[in-house]
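Okay, thanks for coming, everyone. I'll put the structure up and just talk you through it.

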Amino acid sequence: MAMPRTLHLLLLLVAMALVVSCSPMPTSVLATKRRQAMDEAAAARIHALRPLRGSGRELASRGGVACDSWALGVEAHNVRDWKTVPASCEGYVGHYMLGSHYRRDSQVVVDEAVAYAETLKLAGNGKEVWVFDIDETTLSNLPYYANHGFGTKPFNATSFNAYVLEGSAPALPETRRLYSKLVSIGVKPVFLTGRTEDQRAVTVANLRRQGFSGWMNLLLKQPGFKGSAVAYKSGERQKLQDAGYAIVGNIGDQWSDILGAPEGARTFKLPDPMYYIG
Ligand SMILES: *[C@@H]1O[C@H](CO)[C@@H](O)[C@H](O)[C@H]1NC(C)=O
Ligand SMILES: [Mg+2]
């Protein structure tokens, strides 16, 4: 039986209307756009500073300072004795620290340190130690520096010490990975820090809270010590060595952590573009 021509046309129109209204295209595109906008709004709330391109290639040359080149100069210890991060590099350093770049760079350092630790032929006499710095090596003061211009402002001992006394500094996760590895193979961690003896209790509590335990020694600066960081730290390492310990490794974020004999059989430098301690 032949279908009347008008009915045929009507059915075709109805079918087309159904296809159009059921088509997933327009509504899903809208939903995706809406979701993207929400993600972006949420990300902006979580990280007020978000990496624009890597750690900010576009930002790097603002204000006449090539911030990525400056930071490389700092890491290589060509740029020395600086007091503050160049003002025009606050954005660059902020993006570096809060984005994934800092973590990635730290991961390379720790991967090398772990690979080195695995090659050690340990005597197993309990005399092999690894020296760890604390600030920006074991514990991160990024919550403080994020509120104080990422190192662009002169160091304020009053407000920084108040932050330290909170005992709330988070662990640097890559360093904690190295620490656990060393403990598991029988190398004893020794903390050697520029923090002062009066900060011992809060430092111990902070370290324990962040999952560190089983260290052999926590060496803090004694009241009245006047010398440089290099003199202090190398002097303490010398005492360890004189007491019969073998310093198989040494890790810190400052060159003053790893310069000055005895340095340790191998040294590892973590990134720190926020401050310089000579
Ligand atoms: C240092 O920090 C303290 C405590 O927040 C503040 O009272 C003081 O004004 C600061 N000093 C300078 C020079 O900014
Ligand atoms: Mg440090």
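So, start with strand 4, residues 246–252: strand 4 runs parallel to strand 5, and three bridges join the two. One spot to look at there is Gly252, which sits opposite Lys269 in strand 5. And before I go on, keep in mind that this is a predicted model.

Now zoom out to the whole sheet. It's an open one with five strands, the pairing is parallel, and the order reads 3-2-1-4-5. Which strands stand at the edges? Those are strand 3, 217–221, and strand 5, 267–269; each has a single partner strand, so one side of each is left with no neighbour in the sheet. From one strand to the next, the twist averages 20 degrees.

Over to the other end of that order. Strand 2, residues 188–196, and strand 3 also run parallel, this time with four bridges between them. If you want a pair to click on, Phe191 has Leu218 in strand 3 as its bridge partner. To get from strand 2 to strand 3, the chain goes through helix 10, residues 200–209, and this β-α-β crossover is right-handed.

Next, helix 9, which covers residues 173–185 and is where you'll find Leu182. Is Leu182 buried or exposed? It has 24 C-beta neighbours inside 10 Å, and the cut-off for buried is 20 or more, so Leu182 counts as buried. Leaving out residues up to four places away in sequence, Leu182 touches Ala117, Trp130, Val187 and Pro189. There's also a long-range pair here: Leu182 and Ala113 are 69 residues apart along the chain, with 9.8 Å between their C-alpha atoms.

Then there's helix 8, residues 157–166. Helix 8 is hardly covered: of its ten residues, the number that are buried is one. Right after helix 8 comes Gly167, and its phi is positive, near 65 degrees.

Last stop is the loop between helix 7, residues 142–146, and helix 8, where Gly149 is found. Gly149 has 16 other C-beta atoms within 10 Å, and because exposed would need 12 or fewer and buried 20 or more, Gly149 comes out as partly exposed. How far apart in space are Gly149 and Val85? C-alpha to C-alpha, Gly149 and Val85 are 9.0 Å apart, with 64 residues separating them in sequence.

That's my tour, and I'm happy to take questions.

Key: Residues numbered from 1 in each chain as written. Chains lettered and ligands numbered in written order. Predicted model: local features only at pLDDT ≥ 70, side-chain atom pairs only at ≥ 80, totals over all residues. Pairing = 2+ DSSP bridges. Axes fitted to C-alpha atoms, helices over the stretch in contact; angles between N-to-C directions. Contact = placed C-beta atoms within 7 Å. Right-handed = clockwise from strand over helix to strand, strands pointing away.
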